[in-house]
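Visitor: Hey, got a minute to walk me through this one? I'd like to go pairing by pairing and then zoom out.

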Amino acid sequence: MGHPQIAAFARLADGSTDATRSIAGQNTNFTRTIHDMAYDPVRDEILVPGWYNFSILTFRGDADGDAAPVRQIMGPRTQLVNSQRVAIDPVNGEIYVPQVRRVLVFDRDADGDVAPIRILEGPDTGLRGEGRVTIDPVHDLMIVSGGGDLRIFDRRASGNTPPLRVITDTGASRMTVNPESGMIFGNVGGGGRFGLDDYVGVWSVFDDGPVEPRLTIGGPNFLLKDVRGITLDVRNQNVIVSDKTHNAIFTFNVPEAFQ
Amino acid sequence: MKARQWVLVITLILCLSVTVGALPQHEQLGPDGNGQTNLIGEERTPEVGPETLMAGARTPENLMALVQGAGQAAAATDPPPRPSEAVKAAVATRPPIRTIHDSRHVFAAIDIDPIRNELVAGDENNFSIVVYDRNTNTPPTAAFSEPRRVIQGEDTFLEYVCGIYVDPGSGDIYAINNDTLNWMTVWGRDAQGNVAPKRKLATPHTTVRMAIDEATQEIFMTVQDDHAVSVFRKAAQDEEPPVRLIQGPATRMADPHGIALDPNTGLLYVSNWGTAADRYYDEDTPAVFNRGTGKPNWPVSRLANIPGSGRTEPPSITVYRKDGAGNVAPIRVIQGPNTLLNWPTDIAVHPDRGEIFVANDTGHTVTVYSADANGDAAPIRVLQGPNSLIKNPVGVKVDLINDELWVANLGSHSATVYDITADGDATPKRVIRSGPADSRGPMLANVHTIAYDTLREEILGSN
């Protein structure tokens, strides 16, 4: 992949539009494909995992060009390795990094070689490898994906704590949550590059067990082929989805998912 | 303002909607004097304060509007009713209202076939290879020039094509992908459309660029994830393993990208972006044992990485003998502020002039060095500026027959051609464009995670 970047597009951008700005360059410490990021609306900051230097990079929200991070969590105390995933709890000021079968939690102001303030790990957690995490600060929940399940923990869980409940066999891995409604939006895919088997599934944070998605967006058997990112424009009731095979960003207007 | 209202305001800023949340508890957090926080397993209060909220709300008026809106609705405490099947079906087949996508070709990698007078480019937008007449010169008023041939489709095994080589003898095209499809594909020079390659070779994940030694019939590939160079037989196919590997801490490779071979000196030049970490190489380590593939000379993978060992170094050019193998130290390292390296993504050698050319993606430059440069060496020429049309250069090639320098500009849908001695803000001799000159487009390639900036109402998309 020729050019890693974080590009900003106007909400109404459509077609082959130019980005309004793009963060990229030597000072950014970006490596190859950026697999996750988080936007902190309270601090107006963007968080990016540094894959090759095992770091969590924080940029100003209006960063542009070859910008250096304003903070960088990196070093032996961090326990970070192959950092690809990150989530922010903007209300409680904490950074979450799922890493193999554990979730590391850092203070939002952490900078340099700092240790996590909490670690969720152990057999009772049921954490299953490469997953994502998203935080619902309203219901005080931490949702962790892995092995196709969505494991819902108390937000403050640490150590060998079991989940409160598990939505099983969702197939979802990448996800986000709307704290207002408690709706989880997760990608589900068939694994192929060209098949129309992907979609965004919608579950509730109150769901438990083998629960079918309440809604599916963009499929299956309709448009999406390889979903890689999901984010929400709550005000306009939009679900925004990136698709690797289409090499595109789609905006779906789905008021039904915000009720 | 009471604490509960602050929580509401933060959540409102987060959601841009009305929300009521449970209040978290007390805070006990502080640095331990070593930059290490000492709170584990205890909860913290929300970070609240006028400065933070002002930053989020932007203006006092907005802040007050958000506060006044709080409390009018409650957060969900029970699962909502499930939608009807009719609603589900309608949502599942609802088309997007907007799509950000660039359907034009972009040039992520190039090679020149001066014998058959063609430019061959790897296109990351459309997962394709495009072939142009070498002498094409897109008029300034034209939207784009049509390629002669396009190889594209599900049968091609092409995806993020980032390395291209044209066999000077046969005209065969070699292509490597950087992600997902870990194959090198080989095509006859007349291939076009959705066709299978003549042959393909399994490669390590995240190959970036390649160089081929016609004298020894070997292919050298940089491997990003593994900070390594893998060497295969040129004729290798399917699951044939590499014949050599350059990998290890002594190599000083760090996120390697470009690679070029000087056939006169037998030296390999590798350009490095600079981020790296340590990994175990002891064969007793499970992640190292058998290289994960059962193939000899396969790179030790990131599964053997050592937690907390990440580091960032300045970008560099590392130089090796072409027969180097294992954890071999570079013969020379070009590195330092005088080098002007800035995401050095591709590199080319002019063996007769004794010069190396480096495409610096975010420096928007091509820097030229003596082939025997060492240390913090300043370039002997720098090609950059508005007249040069160089914008996010990610590919650079030397045409030894016509003594021309070619640059692939990811940021302007163009390949530009210069005299080999071009310097400064030189105007290109020719320009091949696949899109309008004044549009860089979204530059999406391997678009991955996304986020929504609620303050600016912007979509953040990552490559």
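Guide: Sure. Let's start in chain B, where strand β15 (residues 267-272) and strand β18 (residues 316-321) run antiparallel, joined by six bridges. Keep in mind that this is a predicted model.

Visitor: OK, which residue stands opposite Y269(B) in β18(B)?

Guide: That's V319(B).

Visitor: And what sheet do β15 and β18 of chain B sit in?

Guide: An open one of four strands, with the order β14-β15-β18-β19 and antiparallel pairing. Its edge strands are β14 (256-262) and β19 (332-335) of chain B, and each of these pairs on one side only.

Visitor: How much are neighbouring strands of that sheet turned against each other?

Guide: On average by 20°, ignoring direction.

Visitor: Which other open sheet of chain B can you show me, and in what order do its strands come?

Guide: There's one with the order β10-β11-β12-β13 in chain B, again four strands with antiparallel pairing. At the edges, pairing on one side only, are β10 (207-213) and β13 (244-247) of chain B. Neighbouring strands in this sheet are turned by 20° on average, direction ignored.

Visitor: Zoom in on β10(B) for me. How many bridges join it to β11(B)?

Guide: Five, and β10(B) runs antiparallel to strand β11 (residues 218-223) of chain B. For one pair in there, look at D213(B): its bridge partner in β11(B) is E218(B).

Visitor: Switching topics: the core. Which residues have the most contacts inside the largest nonpolar core?

Guide: I143(A), V239(A) and Y269(B), in a core of 187 residues. Strand β6 (residues 161-166) of chain B gives the most to this core, five residues. Y269(B) is the residue we just met opposite V319(B).

Visitor: Is there a general reason to look for a cluster like that?

Guide: In soluble globular proteins, nonpolar side chains tend to be buried together.

Visitor: And what does I143(A) touch?

Guide: Leaving out residues up to four places away in sequence, I143(A) touches V133(A), T134(A), D136(A), L150(A), I152(A), M175(A), V177(A), I184(A) and V205(A).

Visitor: Now the interface. How many residues of each chain are in contact across it?

Guide: 103 residues of chain B are in contact with 111 residues of chain A. On the chain B side, the elements giving two or more residues include α1 (3-15), α2 (50-57), α4 (85-92), β28 (450-453) and β29 (458-462). The largest share, six residues, comes from α1(B).

Visitor: What's the class make-up of that chain B side?

Guide: It has 46 nonpolar, 36 polar and 21 charged residues.

Visitor: Where do strands pair across the two chains?

Guide: One place is β1(A) with β29(B), antiparallel over five bridges. There, I6(A) has S462(B) as its bridge partner. Another is strand β21 (residues 248-253) of chain A, which runs antiparallel to β1(B) with three bridges between them. In that pairing, I249(A) is matched with I100(B).

Visitor: Back to β1(A): is it mostly covered or mostly open?

Guide: Mostly covered. Strand β1 (residues 6-10) of chain A has four of its five residues buried. Within chain A, β1(A) also pairs with strand β2 (residues 21-23), antiparallel over three bridges. In that pairing A7(A) stands opposite S22(A).

Visitor: Let's zoom out. What's the helix and strand count in each chain?

Guide: Chain A has zero helices and 21 strands, while chain B has four helices and 29 strands.

Visitor: Why call chain A as compact as a globular protein of its length?

Guide: Its radius of gyration is 17 Å, and the globule rule gives 18 Å for 259 residues; these values are close, so chain A counts as being as compact as a globular protein of that length. The C-alpha atoms of chain A fill a box of roughly 50 × 45 × 35 Å along the principal axes.

Visitor: What about burial?

Guide: In chain A, buried residues make up 69% of the 259 residues. For chain B it's 50% of 463 residues.

Visitor: Last one: how do contacts spread along the sequence?

Guide: Take contacts between residues at least 6 apart in sequence. In chain A, 47% of those join residues at least 24 apart; in chain B, 53% do.

Technical notes: Residues numbered from 1 in each chain as written. Chains lettered and ligands numbered in written order. Predicted model: local features only at pLDDT ≥ 70, side-chain atom pairs only at ≥ 80, totals over all residues. Contact = placed C-beta atoms within 7 Å. Nonpolar A, V, L, I, M, F, W, Y, C, P; charged D, E, K, R; others polar. Pairing = 2+ DSSP bridges. Buried ≥ 20, exposed ≤ 12 C-beta atoms within 10 Å, placed from the backbone. Core = buried A, V, L, I, M, F, W, Y, C linked by C-beta atoms within 7 Å. Axes fitted to C-alpha atoms, helices over the stretch in contact; angles between N-to-C directions. Rg over C-alpha atoms; globule rule 2.2 N^0.38 Å.
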